[in-house]
Structures are given as structure tokens and as C-alpha cells.
Amino acid sequence: MGKARILILGGTTEARALATALASRADLELVLSLAGRTTDPAPQPVPVRSGGFGGAEGLARYIRDEKIDLLIDATHPFAARISANAAAAAAQCHVSALALRRPAWVPVEGDDWLSVHSVSQAIAALGEAPLRVFLATGRQEAHQANAAPQHHYWVRSVDPVEPPLTVPHVSYIHSRGPFRLEDELQMLRQHQIEVVVAKNSGGDATYGKIEAARQLGIKVIMVERAEAAGLPVVETVEAALGWIDHFASSLMKRGV
């Protein structure tokens, strides 16, 4: 009896937790794919493939060549292009596929959020008057801040922002989450931050800044995510494991 071959598109805490939970299963063979954008990725519990596939066509070719039975999209909630490619490739290859998406944050009493749909909209929403801005959108879209050079930015990312911003007032904070509430409170106070620009990525690892902003009465411009395209979605690792169990047992029954 062959093993079910699973490709996890990863890079998130959930992808790693799922791979860890499945790593010891004798009935499964796993490959975890990372985009290769982080220079020093955390160690992973299963074999890793790094780098892009070359769009939906390249991903479909990999699925066929490696005889993948199940595709799990556990990429970041804002990796819209990868998710669209995953849905297209799965349909093209007639393989089962699933998206694992942690739930988005929702505002609670005391939050002061302005919801927008892109980082460029968020920068525009800062307005004309100079502000002290904590930009926590990740390095790939930090350059959007160049459109509003009147503000003073504190930009946090895992890896350096390349090329650096062209705005006159910018400071860079290089660190990797999870971020503790106490540290976020201290950071926002120390730099006298007046507004936080964040992506609604959900989960606990980066929620500290949202909670800290609420406690300090700081406005948050929240970039909301687009709807996940074309794949059934589960919100927890446990739900994904249940889905995989069901899939593996039906595969066994078919004698694949």
C-alpha cells in the first residue's frame, strides 16, 4: 500500500504545527514548501522545498511529477497569488486541496480601527499632517510609504527592507515574532507612536501590537484580507488534521 503524498505550502506557524503533527505518520509522505523569502527560516520537522514553482503551471507540473495526492495551502492570509495558483493547479491536476487559514482579528471594545483593502490605501489614509507611524505590514510592501514622505516611520520586519525607503524620517526594527504585549507597549510608548498600520493576519504571534494600541488609545489602520479563492477552508490545525484523516482513510479504501 503506497503512502499518501502531501504537499504543504507553508511559511506560517500553522503550516509548521501541521507538519509537526503529521511528521511521524507512517501512512503519509510530506513535503513542506517555503517561498524562500526569509533568509534564515526556522528549522522544520519534515523535508523542505524552498523557492517558487513558476506560477500555477509550475505548481501543477510539480504535483504531477511528484505524484502529490493532497495539496494544503497553509500560506500567509495575504499570499493571495500563491493561493490562487494553488486552487488553479489542484483543479488542473484533479487532486484534493485544502486551505488552512487562521481566522482574521475582529475589533473589540476600545479598538479604534480604520479598515482599508491595501497598504497603499492605508498610507493614503494617514492624511496630510505629519504623524509618527508604526508600519508593521512586512518588508515587501513597506515601500508604499514613499508616497507619503511627511510622516516619520518605524518599520518592523524580519529581514532588512531592500531597497531602503526614500522618506527622510525612517527607523528600522528587525525582529521576528511572537511579540509580547509588554514589549509592544514599551515600543509604542518609547517612539511616541500615533498610528499603527497593520495587516489583519490573525493569530496570536503578532496580536500584541493591536492589543497595545487599544490600551494606549492609538488608532490602527487595518489592511483587511481578500477572500481566499477557490479552495475549501478550515481555520485550525485540528480541523485540517481531521480533514486529512478522512482523506487518508478514503484513499486506503480505494487501495491507491
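Let's start with N200, which lies in the loop between strand 10 and helix 6. One caution before I go on: this is a predicted model, so please hear everything that follows in that light.

Is N200 buried or exposed? Its relative accessibility is 1%, and because the cut-off for buried is under 20%, N200 counts as buried. Its side chain has polar partners. A polar atom of that side chain lies 2.8 Å from the backbone nitrogen of W105, and a polar contact of 2.9 Å joins the side chains of N200 and E224. If we set aside the neighbours within four places in sequence, the residues in contact with N200 are F78, A104, W105, W113, M222, V223, E224 and R225.

Now step back to K199, which is found in strand 10. K199 also counts as buried, at 14% relative accessibility. Which side chain does K199 meet in a polar contact? That would be E141, and the distance is 2.9 Å. Not counting residues up to four places away in sequence, K199 touches F78, W105, V119, A136, T137, E141, M222 and V223. You'll have heard some familiar names there: F78, W105, M222 and V223 are among the contacts of N200 and among those of K199.

W105 deserves a moment of its own. It is buried, with a relative accessible area of 8%. The structure holds 2 aromatic pairs, and W105 takes part in one of them: the ring centres of W105 and Y207 are 5.5 Å apart and the planes are at 55°, so this pair is tilted. Where do the two partners sit? W105 is in the loop between strand 5 (96-100) and strand 6, while Y207 is in the loop between strand 10 and helix 6, so the pair ties together parts that are 102 residues apart in sequence. Y207 counts as buried as well, at 18% relative accessibility.

The other pair I'd like to show you is F53 with Y62. This pair is edge-to-face, with 5.2 Å from centre to centre and 65° between the planes. Both F53 and Y62 are buried. Y62 has another partner too: the charged end of R49 sits over the ring of Y62, 5.3 Å from its centre. For those of you who like cation placements, there is also R156, which lies over the face of F179 at 3.6 Å from the ring centre.

Let's move along the chain to helix 6, which covers residues 208-216. Which of its residues are buried? They are G208, K209, I210, A212 and A213. As general background, an α-helix has 3.6 residues a turn, so residues three or four places apart point the same way. The buried residues of helix 6 pack against quite a list of elements: strand 6 (113-116), strand 7 (132-136), strand 8 (152-157), helix 5 (181-190), strand 10 (195-199) and strand 11 (219-223). After the helix comes G217, whose phi is positive, near 70°.

Last stop, the cavities. How many of 30 Å³ or more does the structure hold? There are 2. The second largest has a volume of about 30 Å³, and its lining is made up of T12, E14, A74, T75, P77, L100, R101 and R102.

To bring us back to the beginning: N200 is buried at 1% relative accessibility, with E224 joined to its side chain by a polar contact of 2.9 Å. Thanks, everyone, and over to you for discussion.

Conventions. Residues are numbered from 1 along each chain as its sequence is written. This is a predicted model: local features need pLDDT of at least 70, side-chain atom pairs count only at pLDDT 80 or more; totals for chains, interfaces and linings use all residues. Side-chain values use heavy atoms; hydrogens and water are left out. Buried means under 20% relative accessible area, exposed over 50%, partly exposed in between (1.4 Å probe, protein chains only). Helices (H or I, at least four residues) and strands (E, at least two) are DSSP runs, numbered from the N terminus. Contact means heavy atoms within 4.5 Å. A polar contact is a pair of N or O atoms within 3.5 Å; within protein, one must be able to donate a hydrogen and the other to accept it, and residues adjacent in sequence count only if both atoms are side-chain atoms. Rings of Phe, Tyr and Trp (its six-membered ring) pair if their centres lie within 6.5 Å; planes under 30 degrees apart count as stacked, over 60 as edge-to-face and the rest as tilted. A charge sits over a ring if NZ of Lys or CZ of Arg is within 6 Å of the ring centre and within 35 degrees of the ring normal. On a 1 Å grid over the protein atoms alone, a cavity is a set of points where a 1.4 Å probe fits but cannot get out, and a pocket is an open set with protein on both sides within 12 Å along at least five of seven lines; lining residues have an atom within 4 Å of a point. Grid points are joined across faces, edges and corners, and a volume is the space filled by probe spheres set on the points.
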